[in-house]
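Colleague: I would like a close look at one part of this model, with the charged pairs taken one after another. Please keep the reasoning explicit.

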Amino acid sequence: MHPQIGKLADKVLNTSLLPIFIFTLLLSCQSIFGPSLEEQKTQDIVRTQKSLIISFLNKGLPKMALEELKKLRKEHPHDPDFFNISGLAFLAIKAPIKATDYFKKAYKIDQKIPFLLNLSSAYIEANNQRAAMQTLKRLIKHPDFSQYDYPERVYHNLGLANEKINRKKIAVKFYKKALKANPTFYISIMRLGQMYQKIGKLKLAKIYFKKAQILCKACYGPISALSSIYISQNKIRTAMNLLKSFMRNKKVQKNDRLRAKKLLKAANRIGSA
């Protein structure tokens, strides 16, 4: 697996608190006899090219990545990674329908689970939940699914697709199934908290937001959600203390600290009214 895969996945996950989990699978050609010196050089060049493209995505430069990918797809028409990364880049510029084309091409070349998972994510973003669910059901029937290390990502996307068409009970079932597969899966924990908050089950919402807060002490999402609930319950001091504690965390990003400060001021105004 390419050494930067985790960084890209984490960036996609953490920058949006979202919904979907985008995953890249970067492969290298293998032979039972081992590559020749010339083949090894070619593989090293390709790995370097992939690293460069991923660095563009990590830096929030998907258009620059797409410019490079035009040439690389022509040079390596049988490498699924360049099509998969193209799909990721189109998702980053909010072009999910275009992204589906590239995830399909990646999967046609190599029938890997992550490519299907990314395809389902693109369908969800394109608001085609029926296609997303069909893709995910197809994924679950994949011969390698029983050995797949991250089934929670599949169940999470099934939860999200159902939530988006207002099948709340089914969505909750799949989010909980994701957490059964991985009890520390942050985005499913957050989605459950948000769902319970929307339907007024604040006690349950707080349970999940607190779990999310424990998992990611520098994340603004759970702090914002918990503070909002406390403010709605007129527990202003509790909300303010929570926000102050969050702001003291040196690992919190500047932008999130500013957002917490803004919410703290709002809470203070409400408490002073």
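Colleague: Is Asp79 buried or exposed, and what is its relative accessible area?

Modeller: Bearing in mind that this is a predicted model, Asp79 is buried, its relative accessible area of 15% falling below the 20% under which a residue is called buried. The side chain of Asp79 meets that of Lys50 in a salt bridge, with 3.0 Å from N to O. Because Lys50 belongs to helix α2 while Asp79 sits in the loop between α3 (62–75) and α4 (80–92), this pair ties together parts that lie 29 residues apart in sequence. Lys50 is buried as well, with a relative accessible area of 1%. The pair also belongs to a wider arrangement, since Lys50, Asp79 and Asp81 are linked in a network of salt bridges.

Elsewhere in helix α2, which covers residues 37–58, a second pair can be set beside this one. The side chains of Arg47 and Asp44 form a salt bridge at 2.4 Å, N to O, and because these two residues are 3 places apart in the helix, about one helical turn separates them. Arg47 is partly exposed, with a relative accessible area of 28%, and Asp44 is likewise partly exposed, at 36%. Lys50, by contrast, is buried at 1%.

Helix α3 supplies another pair, in which the side chains of Lys70 and Glu67 meet at 3.6 Å, N to O. Here too the partners are 3 residues apart in one helix, so that about one helical turn lies between them. Lys70 is partly exposed, with a relative accessible area of 47%. For the model as a whole, the count comes to 7 salt bridges, and the pairs described above are among them.

The nonpolar surroundings complete the picture. Next to Lys70 in the numbering is Leu69, which together with Leu139 has the most contacts inside the largest nonpolar core, a set of 79 residues. Helix α6 (residues 113–125) gives that core its largest share, 8 residues. Leaving aside residues up to four places away in sequence, Leu69 touches Ile53, Phe82, Ile85, Ser86 and Ala89. Of these contacts, Ile53 falls within the residue range of helix α2, whereas Phe82, Ile85, Ser86 and Ala89 fall within that of α4.

Definitions and conventions. Residues numbered from 1 in each chain as written. Predicted model: local features only at pLDDT ≥ 70, side-chain atom pairs only at ≥ 80, totals over all residues. Heavy atoms only, no water. Core = buried A, V, L, I, M, F, W, Y, C linked by side-chain atoms within 4.5 Å. Buried < 20%, exposed > 50% of the residue type's maximum accessible area, 1.4 Å probe, protein only. Helix = DSSP H or I, 4+ residues; strand = E, 2+ residues; numbered from the N terminus. Contact = heavy atoms within 4.5 Å. Salt bridge = Lys/Arg side-chain N within 4 Å of Asp/Glu carboxyl O.
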